[in-house]
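Q: Please take a close look at one part of this model, beginning with helix packing and working outward from there. State the cut-off behind each term where it is used.

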Amino acid sequence: MRRTRVRTLAAVAAVVAVVGALLLRLLESRRVYLPGAAWIEIFAILLLAGLIFGAGWSVRAYLRGDRPDLPGLRAARTFAMAKAASYTGALLTGRYVAHVLVVLPQLEVEARRDQAVVSGVAALAAVVLSVVGLVVEKFCEVPPPEGDDGEAEAITS
């Protein structure tokens, strides 16, 4: 498997933010107001990022020879989980940025300002999730065999 590209994640986040903002504006024009992020979501995203980082740290220790008892299948699953986390973080970043963009013109209203703050913090937490996913993908990278000039490959089995 190939590692996730930052450019791809940025494009996903941007497209979701633009399309999401357009949909939220359309809904609000019809008097349908969707709630912004909640603090518990931020906590859950950061907890997930921490758990993924912990799993990746175990794989890193395994590849350095510090933990020889780690099953190869667990390492492969960790890589897949990291890849999913990076994309999930990008999608969530776009979703929360879309909400911030919609409430931005109404910051004088206290409730909308609070929604913007919480959604902005949630967007930052989602960026952290994406970055952790990318870092753990790097942890799961196997160096090329000696004498091979090719790229390093991620653990796939």
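A: The account below follows the chain from a helix packing to a group of aromatic rings.

The model is predicted, so local features need a pLDDT of at least 70 and side-chain atom pairs one of 80 or more, whereas totals for chains, interfaces and linings use all residues. Numbering starts from 1 along each chain as its sequence is written, and side-chain values use heavy atoms, without hydrogens or water.

The starting point is the packing of helix H1 (residues 6–29) on helix H3 (residues 72–103); helices are DSSP runs (H or I) of at least four residues, numbered from the N terminus. Their axes come within 7 Å and cross at roughly 35° (lines fitted to C-alpha atoms over the stretch in contact, with angles from 0 to 180 degrees between N-to-C directions). On the H1 side, the contact is made by Thr8, Leu9, Val12, Ala13, Val16, Ala17, Gly20, Ala21, Leu24, Arg25 and Glu28. H3 contributes Ser86, Tyr87, Ala90, Leu91, Thr93, Gly94, Arg95, Val97, Ala98, His99, Leu101 and Val102. Contact here means heavy atoms within 4.5 Å.

Two members of this contact may be followed individually. Alanine 13, in helix H1, has a relative accessibility of 15% and therefore counts as buried (under 20%; exposed is over 50% and partly exposed in between, with a 1.4 Å probe and protein chains only). Apart from its neighbours within four places in sequence, alanine 13 is in contact with Ala90, Thr93 and Gly94, which are listed among the H3 residues of the packing. The C-alpha atom of alanine 13 also lies 7.6 Å from that of leucine 92, although the two residues are 79 residues apart along the chain.

Histidine 99 belongs to helix H3. With a relative accessible area of 1%, histidine 99 is likewise buried. When neighbours within four places in sequence are set aside, the contacts of histidine 99 are Leu24, Leu34, Pro35, Gly36, Gln115 and Ser119. Of these, Leu24 is one of the H1 residues in the packing described above.

Arginine 31 is found in the loop between H1 and H2. This residue is exposed, at a relative accessible area of 69%. Its phi is near 65°, a positive value in a residue other than glycine.

Beyond this loop, leucine 48 is placed in helix H2. Leucine 48 counts as partly exposed, at 38% relative accessibility. A distance of 9.7 Å separates its C-alpha atom from that of valine 132, and the two residues are 84 residues apart along the chain.

The aromatic rings come last. Over the whole structure, a search finds 3 aromatic pairs (Phe, Tyr or Trp six-membered ring centres within 6.5 Å; planes under 30 degrees apart are stacked, over 60 edge-to-face, the rest tilted). In one of them, the ring centres of tryptophan 57 and phenylalanine 139 are 5.7 Å apart and the planes stand at 75°, so this pair is edge-to-face. Because tryptophan 57 lies in helix H2 (residues 39–63) and phenylalanine 139 in helix H4 (residues 110–139), the pair ties together parts that are 82 residues apart in sequence. Tryptophan 57 is partly exposed, with a relative accessible area of 44%, whereas phenylalanine 139 is buried, at 14%. Together with Phe53, Trp57 and Phe139 form one aromatic cluster.

Definitions and conventions: Helix = DSSP H or I, 4+ residues; strand = E, 2+ residues; numbered from the N terminus.
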